[in-house]
Every structure is written in C-alpha cells, then in structure tokens.
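Please walk me through this structure, from its overall division to the helix contacts and the surroundings of the ligand. Note any unusual backbone geometry along the way.

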Amino acid sequence: MAKPESVAASYQFLREYIAGQTGIELGPDRQYLVESRLEPVMEEVGCQSLAELCVALLRENQSVPSYAHAAAPIRRKIIHALSTHETSFFRDPDLFALLQSRLLKQLSEENGCHRLRMWSAAASSGQEAYSLAMCALETGVYAPPLIFASDVSAIVIEAASRGCFTDYELLRGMDDPVLRQRYFVPIKGGAQVKPEIRALIEFSCADLREPPNAKFAPLDLILCRNVMIYFEEETRLQVLSHLRDQLRQGGILILGAAETIWSHFVGLERIQEGNTAFYRRIE
Ligand SMILES: C[S@@+](CC[C@H](N)C(=O)[O-])C[C@H]1O[C@@H](n2cnc3c(N)ncnc32)[C@H](O)[C@@H]1O
C-alpha cells in the first residue's frame with residue numbers, strides 16, 4: 001500500500017486496512033468516527049496525525065509477520081480501536097432463558113451426555129462465553145462444558161481471558177447476587193470470574209474469515225452474534241460456511257437478533273421459539 005499524504009487519503013488507507021484485516025466495512029461517512037477512535041492510539045504511539053500513524057503502521061507491517069500479534073502493537077491497537085466491542089452478560093435474556101430452560105440439556109442428551117462443546121465466535125471481552133458457562137452449570141448439564149472463545153482483536157481476547165470486570169460491566173446483566181457469589185470473587189472496583197470457571201474456556205485470537213481451528217469441531221453450539229452486520233454479503237457467506245461445517249449434525253448456530261441467514265443457504269434449518277430464532281445443522 002502506498003504512503004497516504006492527506007487526511008482523506010489516510011482515511012481511505014485505514015478503511016482498506018481494516019477491511020483487509022477484519023472484514024469490517026467502514027462506510028465513506030465514518031471518517032470522523034475513525035479519527036476520534038484513533039486519537040488515543042496516536043497519542044500512545046506518539047504520532048501527530050493520521051498520516052503519521054499510517055506510516056508507522058506500514059513500517060511495522062514490513063518488519064512483523066501478519067500472525068505475530070504480540071509483536072505488532074500498532075496493528076493490535078488499530079484493529080482494537082476500529083472494531084466495535086459492545087457486549088454484556090446474558091445479552092438477549094430470552095435467548096439465555098431458552099438455553100438454560102431447555103436447549104443445553106437437549107444438546108447434551110443428543111451428544112450422549114458428553115461435555116458440551118460450544119464456541120463464542122467474536123467473543124469480545126468475554127461476557128458471552130462466561131454467560132454460556134454459567135448457563136450450562138446452572139442447567140446442571142451432565143459434564144462441565146468446554147467453551148472456545150475467539151475474537152480478531154488480540155487486546156479484547158486477552159482481557160476476556162483474565163475475566164476481570166468492573167462494577168459497571170457487571171451491572172449490565174450480572175446483577176444477580178447469587179450468581180455473582182457463585183461464579184465471581186470480588187476485586188478492587190469489580191469482580192473476577194473464579195479460576196475454575198475460567199478453566200472451562202479456551203481463548204484465542206482468530207479471524208472468522210479463516211478456517212476455524214480444527215480442534216473446535218464437532219461443536220454442539222455456536223454463538224456468533226452481532227458481528228456479521230459489519231461484513232459484506234460475500235464475507236458473511238464465507239463465515240457462515242465455516243460455522244456450519246464446525247457443527248455436528250443437529251448442532252445449533254445462534255446469530256444476533258438483527259442477523260438472519262438467507263433461505264437458500266444450504267445445511268441449516270431455521271427454528272423460531274418465542275422471540276428467539278436459531279439454526280440447526282441438518283446435513
Ligand atoms: C459487537 S461485538 C459482539 C460481542 C458478542 N458476540 C455479543 O454479541 O455481545 C463484535 C466483535 O466482533 C469482533 N470481530 C470483528 N471482526 C471480526 C472477525 N473478522 N473475526 C473475528 N472477530 C471479529 C470484534 O473485535 C468485536 O469484539
């Protein structure tokens with residue numbers, strides 16, 4: 001990529017960069033948002049302008065291979081700053097109520113009461129994966145679940161693996177004092193998920209557009225919520241094919257409330273229960 005000179009050229013460069021790195025499509029009208037999200041990054045890495053930041057990124061990319069996240073601080077920070085990480089515990093309570101009241105037990109019985117294998121794809125800071133773990137334990141499934149949690153941002157997934165949440169984050173969905181005492185220990189300004197619960201989850205930095213880690217399959221359940229809205233149709237199809245192929249026959253895929261799958265997409269059957277829609281692998 002050529003070195004950008006103006007603000008508009010820098011914005012265009014960053015749009016293409018973030019689309020290439022994550023699949024996230026930033027519209028042409030998002031320049032202001034990008035500038036404001038990158039301001040703290042510019043300050044941290046000592047750049048005075050977007051153009052300078054782009055040059056620093058280009059230099060770093062030349063010296064660090066694309067898989068070496070830890071050695072690429074500017075890349076990590078830019079990917080983190082330009083992706084949206086909004087999440088909360090038990091986000092979409094109807095869905096978690098359905099999982100807890102019926103679906104998890106059913107999935108567990110179908111797989112012979114072995115460990116449930118679940119994947120929180122695009123896990124952000126971990127609330128979704130921890131909610132799944134709590135839900136499975138509260139349901140009383142026959143064996144402790146095994147949960148994979150991944151995200152394209154190395155920064156959020158590292159934070160997720162520590163399981164530390166502020167009081168403000170806990171207020172969003174994790175305000176039940178019984179659950180809080182059962183699954184968390186208090187720390188200054190918040191609480192940390194107990195080590196035995198964290199041990200049920202394997203965290204990794206991964207791009208949904210790439211073929212998933214082969215060890216995930218066969219999965220009973222995948223939650224891939226509130227990320228496909230940022231992708232173009234071709235990317236969505238590619239991601240959906242990967243997700244479907246990781247599910248066992250009868251395994252379930254759940255998307256965000258605003259996300260749907262085209263009726264012509266092969267191998268997944270849509271099921272609606274109350275306010276919740278999910279997809280079962282049928283072939
Ligand atoms: C809005 S959050 C959704 C978090 C959670 N699934 C939920 O619904 O509460 C979207 C997450 O998708 C991640 N993401 C964006 N592009 C991705 C990609 N190509 N592969 C994996 N994760 C991606 C972002 O880093 C962000 O943490």
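The paragraphs below take the domains, then the helix pairs, then the ligand and the backbone.

The model is a predicted one. Its protein chain is divided into domain 1, residues 7–82, and domain 2, residues 93–281. Taken over C-alpha atoms, the centres of domain 1 and domain 2 are separated by 29 Å. The two domains touch: eight residues of domain 1 are in contact with 12 residues of domain 2. On the domain 1 side of this contact, helix H4 (residues 73–82) gives the most, with three residues. By class, that side of domain 1 has two nonpolar, four polar and two charged residues.

Helix H3 (residues 50–63) can be followed through its contacts with two other helices. The axes of helix H1 (residues 7–22) and H3 come within 8 Å and cross at roughly 40°. That angle makes H1 oblique to H3, and the crossing of the pair is left-handed. From H1, the residues Val7, Ser10, Tyr11, Phe13 and Leu14 meet Leu50, Ala51 and Cys54 of H3. Sorted by class, this contact has seven nonpolar residues, one polar residue and no charged residues.

Helix H2 (residues 31–45) is the other partner considered here; its axis and that of H3 come within 10 Å and cross at roughly 65°. H2 passes H3 in a left-handed crossing. Glu35, Leu38, Val41, Met42 and Val45 in H2 meet Leu50, Leu53 and Ala56 in H3. The class count for the contact of H2 with H3 is seven nonpolar, no polar and one charged. Leu50 of H3 thus appears in the contact with H1 and also in the contact with H2.

A further pair is formed by helix H5 (residues 93–110) and helix H6 (residues 127–139), whose axes come within 9 Å and cross at roughly 55°. H5 is therefore oblique to H6. The crossing of H5 and H6 is right-handed. On the H5 side the residues are Phe96, Leu99, Gln100, Leu104 and Lys105, and they meet Ser131, Cys135, Ala136, Glu138 and Thr139 in H6. By class, the contact of H5 with H6 has five nonpolar, three polar and two charged residues.

Where does the ligand lie with respect to domain 1 and domain 2? Both domains give residues to the shell around the ligand, so the ligand lies between them. There are 23 residues around the ligand, and Thr87, Ala122, Ser124, Val152 and Leu208 come nearest. The shell has six nonpolar, 10 polar and seven charged residues by class.

Ala122 brings the account to the backbone. This residue lies in the loop between strand S1 (117–121) and H6. The phi of Ala122 is near 65°, a positive value in a residue other than glycine. A second point concerns the peptide bond between Ala217 and Pro218, which is cis, with omega about -5°. Pro218 is found in the loop between strand S6 (201–205) and strand S7 (219–224). As background to both points, most residues other than glycine have a negative phi, and most peptide bonds are trans.

Note on methods. Residues numbered from 1 in each chain as written. Predicted model: local features only at pLDDT ≥ 70, side-chain atom pairs only at ≥ 80, totals over all residues. Axes fitted to C-alpha atoms, helices over the stretch in contact; angles between N-to-C directions. Helix = DSSP H or I, 4+ residues; strand = E, 2+ residues; numbered from the N terminus. Parallel < 35°, antiparallel > 145°, perpendicular 65-115°, else oblique. Left-handed = near helix turned anticlockwise from the far one by under 90°. Contact = placed C-beta atoms within 7 Å. Nonpolar A, V, L, I, M, F, W, Y, C, P; charged D, E, K, R; others polar. Near = placed C-beta within 6 Å. Domains from an automatic or database assignment.
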